[in-house]
Every structure is written in C-alpha cells, then in structure tokens.
Amino acid sequence: MSHGTEHDARGRYFYVLALTALGVVYGDIGTSPLYAIRESLGEHYGLEPVRGNVLGVLSLIFWALLIVISIKYLVFVMRADNRGEGGMIALTALVAPAARMRTGSRRWVLVLAGLFGASLLYGDSMITPAISVLSAVEGLKVATPLLEPYVLPIVIAILVGLFAVQSRGTAGIGRVFGPVTLLWFVTLGVLGAWQVIRSPGVLAAVNPLYAVSFFANNGWSGFLVLGSVFLAVTGGEALYADMGHFGAGPIRFTWFTVVLPALLLNYFGQGALIMREPEAIEHPFFHMAPEWALYPLVALSTLATVIASQAVISGAFSLTRQAVQLGYLPRLRIEHTSERQIGQIYIPSVNWLLMLACIGLVLGFRNSSSLASAYGVAVTTDMVFTTILFGFVARTRFGWPKWKVGLLAAGFLVVDLGFWGANIVKIPHGGWFPLVIAAGFFTCMTTWKMGRQILAQRMQARTLPVKLFQKDLAANKYTRVPGTAVYMYGNADGTPPALLHNLMHNKVLHERVVLLTVQTEEVPRVDDPERVEVEEMGHGLFRVLLRYGFTEDPDIPSGLALAKKKGLVFKPMETSYFLGRETLIASRNPGMAIWREHLFSVMSRNARSATSFFGLPPNRVVELGAQIEL
C-alpha cells in the first residue's frame, strides 16, 4: 500500500517537515524519560537499584525501543498507509471496506477490534497531558521542597490554559514546536552523555543477556517491571497516526538521527547516575542536571510536555473527525483553525471533555507515580490490535505468504503481549480508567453505526424506487416553478422522502430537481475530477453523487459547483436545499436493545445540524420531518 504521500519531499522542504514532525510526532515519547526509569526501578516492585537491576532495565528499554519503534512501526506498520494516511481508523478502513463487510464476518470482528483500539486512544489522550505536565512540574520539588504544595495548582493552571487556547489553533505556536522540541532532545542527549562519560560501563546494557538475567533473578517482579519499561515506548503509535501529515520519510529520518540517540543517551545516563548514587532514584532525570540548571530544566520540561500534550489533543480531534466521516459518530461541530493546513481542526465538545478528564485525573491521582498505573493499559492493547490488523493487511493487501505474515506477527505479538500482560495487573490501581473510557466510546461508535444501518433499512422499506417516480413524472403534469431544488438522500436508488412530502403538501416541483447523495469513501481524500458524478434522468430530473474522503469536510455548494464540467450549472440564489429530519422513536422492533435505541436517539438529537455539517447556506434550506420507529 505504501505508494508514497504528497509529503514525499526532497531537499530543504524535507528537513522542514522533519523538524516540524519532531515537535508533533515525538513529543509524547520524548517526555518519557521524565518518569520511565524512575517507575521501572521504583520501590513498588521491591527491587533495589543495584547494578544488575539497573543494567537489566536499561537493556529492556534499549531493545523495546529497537523492536517496537524502530522495527515494528517504522519498518513494517508504516507500510500499511491508506493513501498516505495512517492511524487506527485508517488501518481499520484498509482491513474491511464497507462495501465488502457484513456483520458476523471475520472482517467485521477485525473492524470491532480496530474500533476498540481507536477508542482506547481517547483514554490515552486524557492521561498523557495529565502525567506529562505533572511529572515536569514535580521537578520543582527537587529544586526545593517548599514548592511542593503549589505543584497541583500549577499543573491544573497549565492544563486549563492549554485547552483554553485550542480554539485559536496551533498555526502560530506550531512554528516553535519543532525548534523547542529539538532543544529538548539536545538537552536529553547532553545530560545523558555527561553521565555516561563518567560511568561508561553502563553501555554494557546493550547486551540482551542483561535483560535475560534480570528476569531470571527477579522472577514475577521482573516481569511486572515490563509495565513500567513500556512507558519508554508510549507515543510510538503517534508515528503511524501522524504519517498523513508529514510522510514516512521525514518521520523515519528524525527518529534515527535525533530522537533515538537522544533517548538512549538519556536513559543510559540516568542508569549511570543511579549506579553511582542509588538515592537519585527518586527523580533521576532532574538529579542529572547541576543545581543551577534545575529551574531552566523544569521550565523546558514543562514546555516539552505541553507540546507533547498538544500533539495528543490534535490526534484526538483528527480521530474524531475520521470517525464522524466514516459513520461511527454523529455529526459534530468541527472548526478549522488554519486556512492553509486542512489537518488543523478544533472540536469543542472533545476539547472540554479531555480537559475535565485531565483535571479529574490530576486531582484523583495527585502525583505522576500513581498516574503511571493508569498509563500503559490503553496503549499496549492498542499495539496488540495494530499487530493483528497489520498482519491481516499484509496478507490480504500486500499478498505476503502466510508463513511470513505468521512469523512476523508472532514475533511482534510475543513482545506486545509481554507488555500487555505486565500492564493488565495495573487495572485495579488505575488501569481501569482508560478501559472504561474506551468502553464508553466503543459503545457509542457501535451504537451509532448499527443505528444508522437500522434507520437506513427502515427508510428503505418505505422508500419509493426512483424509477417508479420517473414513470410518475412522465404520466402526470405537475406544476413546475422556476429554480433548482436539491434533495439530499443517502440511498441513490430511492426517491428522497422530502421530495414526496413536498410534492404531497405543496403540489409543485421545481424546474430542475436534483437527487443528491453524499458518499464517504474508505480513502483519506478524493481528487476533484473524481468527486462528482451527474446523471440526467429526463423531465428535469438529475441524479448527483458527491464523494469525499474520511479526512475531508463535505462542502456541498463547492462540490456542486464542480458539476458545471459535467453539464449541470447551479445558480446559488436560485437553488433551494430540501432535507429530511427524522424523529426517532425507540420501540420493541427487532434491531438493537432498547437502551441502545434510547442512546442512539439521544446522540441523534444532539448531532450537529445537516445544514451546518454540509456547509449549506441556512437561508436556502427547507427541512421536512418524519417519525420513524427504530
């Protein structure tokens, strides 16, 4: 599938993209050194920070970064792009195009896995800002214990400010993300390198035998440490999710030239410090810095965590828009914050939900060590699903032989399931949170999808085939009035109920009647030449099909303007849009459980209006209602 993206740039533009990707893609994984080593060697595992344990944990982190990020994501998973777009929703669309999917099939099961994986990312989007900013501001306690009472208020103030400025977009501050993050990674590397130079013996941890002996010596506790070692690779899924914005090339280049070396130097530097000064385990990251650099380091850490949080929040917005376009969530208010970058969007409802959840997590867990228990469950589960879905895509889309796919998937699953198993035990201690959030979003997504399918079936049963309407037009002389009427309907072969209602009540037809169907394709974007289809059906009747990708916002007037090349010209001031508005009534009819029907009705009532969602001029829209039992 990896046939390049529009961002396959060369020369200077390539390096600009690489620098920008540094701020957006690697913010999350780049702030992991703040807490990963500390948690992995923390007292809650009952391990002493002695040489064997330090080298064992470092060996695990080294090989985790190599296998999970460098090999699994950068070499293999990023090949599975959906016309340049990555992420769980895009991967799910590759696995099972809607046209070939039926409930109960193997593909449908994989789609459900993909949807649950996407739902898990909402939990991650709530935890990441909370733990990242909290762990950075906690550096103030290292500088002076007197500031400890102010840590939580400062964290909450930063989070409120972060979410409050989302509506203004990241176009302006986005320009500084890359340079600031580059400074952050340089700082990581310098701090670590100084400690490694003082204790070069720490580099022995690249030998995987230290990881093996760590497990052998520590048994069950050694296995559980994997739950904290995994913190070093959280954020890896962002590499794949953000591929559509930057292209695979700049993301790979930045990882191998900047991010990976800086992370390894810092982790090994922390290990070197702990072997010399075991008491530094309380906050090894900040103890690496000289005393005069503590306050500047806390400020830079806070800035880096804000940037990491921004990337996760933007990811949640993008994920939500894709889910809306593919029919897994109701229409939501989506605002564009940049005229040049189509990917920069703001969704108020998601923004404030994330903010309340982040503040609740900070107040509930109170410190980053406790919050680390909630972290990891969502991402490990997501990575397991990614491996399974990628294996299916590699077999069905790439045509790889079964033995190759099986060997590759099995190798990755051994690592993924190891991390997953070590994180599952965190569920009683906070790991339940992202699972509850994921279950809520998953329930809403599947309910909306099923509800729309049932609604379409109910509508289909009472829809007049358009061919019968054509015959009726030919047989009867209806009064025609000047202008163009556009009737929107999801079924291209049926007559829109709004058209029949208008004809029944008003007894007139416009000179030109357009039956419009908007279709979301299983690809990110649709080119203008392929966007519109026009079919003249006689008697002033036209059938128009508009196609959009799942990362595009439908703009009906602009789409219809493209019909001019197909011989159909629209005059905006002479065009009226007729929409059907269904009032949904929960019933005992076969379909969904009654509680799901009520949930679907609530979601439908609170959905963004079709007029606003499709970019229709409000003063040219007429809505005609109908009641439908689910």
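Helices here are DSSP runs of H or I at least four residues long, numbered from the N terminus. In this predicted model, helix α21 spans residues 432–461, and Leu435 is found in that helix. With a relative accessible area of 24%, Leu435 ends up partly exposed, because the buried class stops at under 20%. Leaving aside residues up to four places away in sequence, Leu435 touches Leu120, Val377 and Ile427. There is also a long-range approach to mention: the C-alpha atoms of Leu435 and Phe116 are separated by 9.6 Å, although the two residues are 319 apart along the chain.

Next, the empty space inside. A search of the whole structure turns up one cavity of 30 Å³ or more. The largest cavity holds about 70 Å³ of space. Its lining is made up of Tyr73, Gly87, Met88, Leu91, Leu121, Glu237, Tyr240, Ala241, Asp382 and Thr386. Two or more of these lining residues come from each of α5 (88–95), α12 (236–241) and α19 (377–396). Helix α12 gives the largest share, three residues. Sorted by class, the lining of the largest cavity has six nonpolar residues, alongside two polar and two charged ones.

Then there are the rings. Across the whole structure, the search finds 24 aromatic pairs. One of them brings together Phe14 and Phe253: their ring centres are 5.5 Å apart and their planes sit at 70 degrees, so this pair goes down as edge-to-face, the cut-off being over 60. Phe14 belongs to helix α1 (residues 12–25) and Phe253 to helix α14 (residues 248–276), so the pair links distant parts of the chain, 239 residues apart. The two partners fall into separate exposure classes. Phe14 is buried because its relative accessible area is 12%, while Phe253 counts as partly exposed because its relative accessibility is 31%.

Aromatic residues also gather in a bigger group, with Phe76, Phe390, Phe398, Trp400 and Phe412 forming one cluster. Trp400 of that cluster has a charged neighbour as well: the charged end of Lys404 sits over the Trp400 ring, 4.3 Å from its centre. A comparable arrangement involves Lys449, which lies over the face of Tyr328 at 4.7 Å from the ring centre.

Conventions: Residues numbered from 1 in each chain as written. Predicted model: local features only at pLDDT ≥ 70, side-chain atom pairs only at ≥ 80, totals over all residues. Heavy atoms only, no water. 1 Å grid on protein atoms, 1.4 Å probe; cavity = no way out; pocket = protein on both sides within 12 Å on 5 of 7 lines; lining within 4 Å. Points joined across faces, edges and corners; volume = space filled by probe spheres on them. Nonpolar A, V, L, I, M, F, W, Y, C, P; charged D, E, K, R; others polar. Buried < 20%, exposed > 50% of the residue type's maximum accessible area, 1.4 Å probe, protein only. Contact = heavy atoms within 4.5 Å. Phe/Tyr/Trp six-rings, centres within 6.5 Å; stacked < 30°, edge-to-face > 60°. Lys NZ or Arg CZ within 6 Å of the ring centre and 35° of its normal.
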